[in-house]
Amino acid sequence: MNSAASDTFGRARFGDADDIPQHTLKILVAGGFGVGKTTFVGVVSEVRPLRTEETLTDASTGVDDLDGVEGKVTTTVAMDFGRLTFSGGVRLYLFGTPGQERFWFMWDQIAYGAVGAIVLVDTRRLSTSFASIDFFEQREIPFVVAANVFDGARRYTVEEIRGALDVDPEVPVLLCDVRRPDVARGVLVTLVEHALRSSGPR
Ligand SMILES: Nc1nc2c(ncn2[C@@H]2O[C@H](COP(=O)(O)OP(=O)(O)OP(=O)(O)O)[C@@H](O)[C@H]2O)c(=O)[nH]1
Ligand SMILES: [Mg+2]
């Protein structure tokens, strides 16, 4: 690995010789409504992320739980897309799923060919991410759980979160702040390592 060919976050710089990826992996960023999926994809992407945000309307009143994210004015209606290349030659294509229940019918298409997923959870509204966890468990797609710690939210330990979600012991559970590129990137590294372990000989 040529460290001079990457930026502070280890992302390959455009135009460098090792910018050409040897491995491309499709990764999903999932989780319930308003947990930070779009923020996550945007913060790690080396290209301007594709977004499909629409303004939250009165139709969402009483349907979407805005507790804790009262400042939220838009929601993803199709998907987010971003890209991240590691200087070792691995390129990740990131697909953020829509969080609102009425768009869940798209998950199977978005998930097609994915090697792994990040399930973001908001510890104030854990249940909003249960459907994502069930989805990946049923399809045997390796996933990690990343608790996005919102400002002012009560702090829980990883073990408390693991217990509340009742995920298998081999599923990595970690705390994160998706607004921080280095932290979000660390979650992706954990997922790729976990996905490789899960797909290798048992
Ligand atoms: N305080 C705080 N706010 C955050 C954090 N992450 C995201 N936000 C805010 O929380 C809201 C939700 O973020 P989004 O990234 O749109 O969430 P999403 O999961 O893509 O939402 P949907 O697509 O509607 O399901 C936005 O108002 C963000 O600015 C965080 O870590 N801390
Ligand atoms: Mg979104």
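# Worked exercises on a predicted model

Glu-140 sits in the loop that links helix H3 (130-139) to S7. The model is predicted, so let us treat these exercises as a friendly tour of its geometry.

**Exercise 1. Work out which sign phi has at Glu-140 and Asp-166, and whether these residues are buried or exposed.**

Solution. Start with the background: most residues other than glycine have a negative phi. Next, look at Glu-140, where phi is positive, about 55°, although the residue is not a glycine. Asp-166 also has a positive phi of about 55° and is not a glycine either. Asp-166 belongs to the loop between H4 and strand S8 (173-176). Now count neighbours, recalling that 12 or fewer other C-beta atoms within 10 Å make a residue exposed. Glu-140 has 7 other C-beta atoms within 10 Å, so Glu-140 is exposed. Asp-166 has 8 C-beta neighbours inside 10 Å, and therefore counts as exposed.

**Exercise 2. Locate Gly-152, classify its exposure, and find how far its C-alpha atom is from that of Gly-68.**

Solution. Gly-152 is found in the loop between strand S7 (143-148) and helix H4 (158-165). Because Gly-152 has 7 C-beta neighbours inside 10 Å, it counts as exposed. Gly-152 and Gly-68 are 84 residues apart along the chain, and their C-alpha atoms are separated by 9.1 Å.

**Exercise 3. Check the span of helix H5 (residues 181-199), then decide where its buried residues lie around the axis.**

Solution. First, the span: at 1.5 Å a residue, the 19 residues of H5 should cover 27 Å, and the end C-alpha atoms are 27 Å apart, which agrees. Second, list the buried residues of H5: Ala-184, Val-187, Leu-188, Leu-191, Val-192 and Ala-195. They cover an arc of only 135° around the axis, so they lie on the same side of H5. The general rule helps here: an α-helix has 3.6 residues a turn, so residues three or four places apart point the same way. Finally, turn to the face of H5 away from the buried side, which carries the exposed residues Asp-182 and Arg-197.

**Exercise 4. Find the strands that pair with S1 (residues 23-31), and give the sense and the number of bridges.**

Solution. Take strand S5 (residues 90-96): S1 pairs with S5 in the parallel sense over seven bridges. Within this pairing, Leu-28 stands opposite Phe-95 in S5. Then take strand S6 (residues 116-121), which runs parallel to S1 and is joined to S1 by five bridges. Here Ala-30 has Val-119 in S6 as its bridge partner.

**Exercise 5. Describe the shell around ligand 1 and the element that gives the most to it.**

Solution. Begin with the residues: there are 20 around ligand 1, and Thr-38, Thr-39, Thr-75, Thr-76 and Gly-99 come nearest. Helix H1 (37-44) and strand S3 (74-76) are the elements that give two or more residues to this shell. H1 gives the most, with three residues. By class, the shell has six nonpolar, nine polar and five charged residues. As a last step, look at the burial of H1 itself: six of its eight residues are buried, namely Lys-37, Thr-38, Phe-40, Val-41, Gly-42 and Val-44.

**Exercise 6. Summarise the whole chain: how many helices and strands are there, and what share of the residues is buried?**

Solution. The protein has five helices and eight strands, and along the sequence they follow the pattern β-α-β-β-β-β-α-β-α-β-α-β-α. Of its 202 residues, 33% are buried. For contacts with a separation of 6 or more, 72% come from residues 24 or more positions apart.

Terms used. Residues numbered from 1 in each chain as written. Chains lettered and ligands numbered in written order. Predicted model: local features only at pLDDT ≥ 70, side-chain atom pairs only at ≥ 80, totals over all residues. Near = placed C-beta within 6 Å. Helix = DSSP H or I, 4+ residues; strand = E, 2+ residues; numbered from the N terminus. Nonpolar A, V, L, I, M, F, W, Y, C, P; charged D, E, K, R; others polar. Buried ≥ 20, exposed ≤ 12 C-beta atoms within 10 Å, placed from the backbone. Contact = placed C-beta atoms within 7 Å. Expected span 1.5 Å × (residues − 1). Arc of directions from axis to C-beta. Pairing = 2+ DSSP bridges.
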